[in-house]
Amino acid sequence: MLTLIAALSLATPASCAGLDIADCAATEHGIVIGAGEDAAEYLTVIDEAAVRFSRYFSAPEQPTAVVIGGQIEPGLNAELQRAGFRPLPWLTNADKRAFAIEQMRSQFEEQLGHLGETMVEQAMAQALPQLDAALPQQSVEKASGALAHEIAHGFLISLWGRPAEARDDGKIGYGSAGPDWLDELAAVTAENDILLDQRREAFPDAWTAEASEEALYPLRDYLSMDHPLLERVAMTREAAREQGSSVRVFSGAEAEELLGESNPVRFYVQSLAFADFLIETSGDETVLGRIALALRVGSFEQYLAVNDDGLPRSVDALEAAWKAWGDARASRIS
Ligand SMILES: [Zn+2]
């Protein structure tokens, strides 16, 4: 116990000291850059994500650096990494609008530029109301939940110790080198109540849906599948790498909004439900952290076979328990 206390007190809280950045604010598990007067809100989100992640897994090992604007210049990116941070680009609603306007303008310039700047301006003025109507306006609460989600993805990657590129099966995963379901499970359990409630409310319909886009995945498929957004995220990573001089990286949630045609929602609903199931069945919320550690050295089947957490000892038995749990949960909520 003494060793544990000593180790905990050695951990240095995140700090902006030593970084040559004007608009920087810090809290224990991270910093926010470029948030201006909204900095306190973002720091609260970092704290909340850290508290939730610690509750289920363990205290985050690597602090996050939330960079507002969706674009992290390579110099800043390198500086943050050198200082031990995991950089996370983040787009506000205003950033998303500016980005969409920028894209619209370059489209109009291509189409109408030869007719003169006035034509471009007129077309812009006409199209702007439509663009505003079409843009998804995330509420502050939902945006905070989504940011906590992305921050927790980073915490899980540092807990794992190896990034997606270093997976045992040679494939590039979604977040960490662990299975994609674990990445998503860690991310959704760190969300705030508004998103958690929404996902739990979506459970009964997803559970009872006939095999379709809306239905949950059979447990075996869920445990071995790629994240539904994996391909999209891989494309975004590649594009960012190619851009070189200025890196525009979208975080997972942004990629989903900006590029997504697939329906990842049920993967999220299932990930939270699976976390709830594991916690309720074992009677211990730290079971998630033990599973994460076990998966670093073996398969989920191997963990189940020897687990002392009160979980069934095989995937077949787990699937039967999952079905019973899901039926009970679906009838309780609906
Ligand atoms: Zn995610």
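This passage describes the secondary structure, the sheet, two helix contacts and one exposed residue of a predicted model.

The chain contains 16 helices and six strands. Of its 334 residues, 33% are buried. Among the contacts in the chain with a separation of 6 or more, 59% are accounted for by residues that are 24 or more positions apart.

Four of the strands form an open sheet, in which the order is S1-S2-S3-S5 and the pairing is mixed. The edges of this sheet are S1 and strand S5 (86-90), each of which pairs on one side only. From one strand to the next, the twist averages 20°. At one edge, strand S1 (residues 24-27) and strand S2 (residues 30-33) run antiparallel and are joined by four bridges. These two strands, S1 and S2, form a hairpin, with two residues lying between them. Within this pair, Cys24 stands opposite Ile33 in S2, and Ala25 has Val32 of S2 as its bridge partner. In a regular strand, as a general rule, the side chains alternate between the two faces of the sheet.

Helices also accompany the sheet. Helix H2 (residues 39-56) packs on the sheet and touches S1, S2 and strand S3 (64-68), and the direction of H2 makes about 30° with that of S1. Helix H6 (residues 140-160), in turn, lies across S3 and S5, and runs at about 160° to S5.

Elsewhere in the chain, helix H13 takes part in two helix contacts, which may be taken in turn. Two packed helices are described by the angle between their axes and the distance between the axes. For helix H7 (residues 180-188) and H13, the axes come within 9 Å and cross at roughly 80°. Because angles of 65 to 115 degrees count as roughly perpendicular, H7 is described as roughly perpendicular to H13. On the H7 side the contact involves Trp181, Glu184, Leu185 and Val188, and these residues meet Phe267, Tyr268, Ser271, Leu272, Phe274 and Ala275 in H13. By class, the residues in the contact of H7 with H13 divide into eight nonpolar, one polar and one charged.

The second contact joins helix H8 (residues 193-201) to helix H13 (residues 265-282), with an angle of about 95° between them and their axes 9 Å apart. This angle makes H8 roughly perpendicular to H13. Leu196, Arg199 and Arg200 of H8 make the contact with Tyr268, Val269 and Leu272 of H13. The contact of H8 with H13 comprises four nonpolar and two charged residues, with no polar ones. Tyr268 and Leu272 of H13 are thus listed in the contact with H7 and in the contact with H8.

A single residue, Arg220, may be considered last. Arg220 is located in helix H10 (residues 219-224). Since a residue counts as exposed if 12 or fewer other C-beta atoms lie within 10 Å of its own, Arg220, with 12 other C-beta atoms within 10 Å, is exposed. When its neighbours within four places in sequence are left aside, Arg220 is in contact with Val315 and Glu319. Of these two partners, Val315 is 95 residues from Arg220 in sequence, although the C-alpha atoms of Arg220 and Val315 are 7.6 Å apart in space.

How values were computed:
Residues numbered from 1 in each chain as written. Predicted model: local features only at pLDDT ≥ 70, side-chain atom pairs only at ≥ 80, totals over all residues. Axes fitted to C-alpha atoms, helices over the stretch in contact; angles between N-to-C directions. Parallel < 35°, antiparallel > 145°, perpendicular 65-115°, else oblique. Contact = placed C-beta atoms within 7 Å. Nonpolar A, V, L, I, M, F, W, Y, C, P; charged D, E, K, R; others polar. Buried ≥ 20, exposed ≤ 12 C-beta atoms within 10 Å, placed from the backbone. Pairing = 2+ DSSP bridges.
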